[in-house]
Amino acid sequence: MFLRYLRTLYPPEVRIGLVLDNFSPHLSTTDDPRVGGWAAANNIELAYTPTNASWLNRIEAQFQALRYFTLDGTDHASHHAQASMIRRYIAWRNRNAHDRRFREIVNRAKVA
């Protein structure tokens, strides 16, 4: 569903590159031709990061900051409380993308 939506945002002649990590459902595209076939027919290239190279996946640094600010050293009373903390963090992160402390965490994760 997401890939179909993404494809509608660009003309068909524009190639879209999609980076996939080694999460097992992503790897199923090598065994199951449906997703790979659809991607090839719709000018979408599926690129996999090497095993044990999460640092190549740019989103990983963002997840490390999220864990640091919302999950480390906490004991949330419920999933609702945890989800609320994560939403508050995302709102803060969007308002303070250039915050020094936040940038230090993200930059540390990029080189890990």
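## Cores, salt bridges and surface of a predicted model

The largest nonpolar core is made up of 7 residues, namely Leu3, Leu6, Ile16, Leu18, Leu20, Ala39 and Ile44. H1 and S1 each contribute at least two residues to this core, and S1 gives the most, with 3 residues. The structure is a predicted model, and its protein chain contains 6 helices and 2 strands, which follow one another from the N terminus in the order α-β-α-α-β-α-α-α.

**The chain as a whole**

- Of the 112 residues in the protein chain, 20% are buried, while the chain exposes about 8300 Å², of which carbon and sulfur atoms supply 57%.
- When contacts between residues at least 6 apart in sequence are considered, 58% of them join residues at least 24 apart.

**Around the largest core**

- Leu3, one of the residues of the largest core, is in contact with Leu18 and Trp38 once its neighbours within four places in sequence are left aside.
- Arg7, which is found in helix H1, touches Ile16 and Ile44, and both of these residues are listed in the largest core.
- The other contacts of Arg7, again not counting residues up to four places away in sequence, are with Pro12, Val14, Trp38, Asn42 and Asn43.
- Arg7 is buried and yet has no salt bridge, the nearest side chain of opposite charge being that of Glu13, at 7.2 Å; because a salt bridge requires the nitrogen and the carboxyl oxygen to lie within 4 Å, the pair Arg7 and Glu13 does not qualify.
- Asn43, among the residues that Arg7 touches, is placed in the loop between helix H3 (33-41) and S2, and it has a positive phi of about 60° although it is not a glycine.
- With a relative accessible area of 19%, Asn43 is buried, the limit for that class being under 20%.

**The second core and helix H4**

- A second, separate core of 6 residues includes Ala65, Phe102, Ile105 and Val106.
- Ala65 has its place in helix H4 (residues 59-70) and is buried, with a relative accessible area of 0%.
- Leaving out residues up to four places away in sequence, Ala65 touches Tyr89, Phe102, Ile105 and Val106, and the last three of these are also members of the second core.
- Ala65 and Tyr89 are 24 residues apart in sequence, and their C-alpha atoms are 9.6 Å apart in space.
- Glu60 is likewise found in helix H4, where it is partly exposed, with a relative accessible area of 26%.
- The C-alpha atoms of Glu60 and Val106 are separated by 9.0 Å, although these residues are 46 residues apart along the chain.

**Salt bridges**

- A search of the whole structure finds 2 salt bridges, and these are described here in turn.
- Glu45 forms a salt bridge with Arg15, in which the closest N and O atoms are 3.6 Å apart.
- Glu45 lies in strand S2 (residues 44-48) and Arg15 in the loop between helix H1 (2-8) and strand S1 (16-20), so the pair ties together parts that are 30 residues apart in sequence.
- Glu45 itself is partly exposed, its relative accessible area being 40%.
- Arg100 and Glu104 meet through their side chains in a salt bridge with an N to O distance of 2.8 Å.
- Arg100 and Glu104 are 4 residues apart in helix H6 (residues 100-111), which means that about one helical turn separates them.
- Arg100 is exposed, with a relative accessible area of 58%, whereas Glu104, at 39% relative accessibility, counts as partly exposed.

**Nonpolar surface**

- Phe2, Tyr5, Leu9, Tyr10 and Val14 form a nonpolar patch on the surface, and together they have about 520 Å² of accessible area.
- Tyr10, one of the residues of this patch, is found in the loop between H1 and S1 and counts as partly exposed at 41% relative accessibility.
- Val14 also belongs to the patch, and this residue is among the contacts of the buried Arg7.

Technical notes: Residues are numbered from 1 along each chain as its sequence is written. This is a predicted model: local features need pLDDT of at least 70, side-chain atom pairs count only at pLDDT 80 or more; totals for chains, interfaces and linings use all residues. Side-chain values use heavy atoms; hydrogens and water are left out. Buried means under 20% relative accessible area, exposed over 50%, partly exposed in between (1.4 Å probe, protein chains only). Lys and Arg count as positive and Asp and Glu as negative; His and the chain ends are not counted. Contact means heavy atoms within 4.5 Å. A nonpolar core is a set of buried Ala, Val, Leu, Ile, Met, Phe, Trp, Tyr and Cys residues joined through side-chain atoms within 4.5 Å. Patches are made of residues with over 30% relative accessible area and no salt bridge: like charges are joined within 9 Å, nonpolar side chains (Val, Leu, Ile, Met, Phe, Trp, Tyr) within 5 Å. Accessible areas come from the Shrake-Rupley method with a 1.4 Å probe; for residues, only the protein chains shown count as cover.
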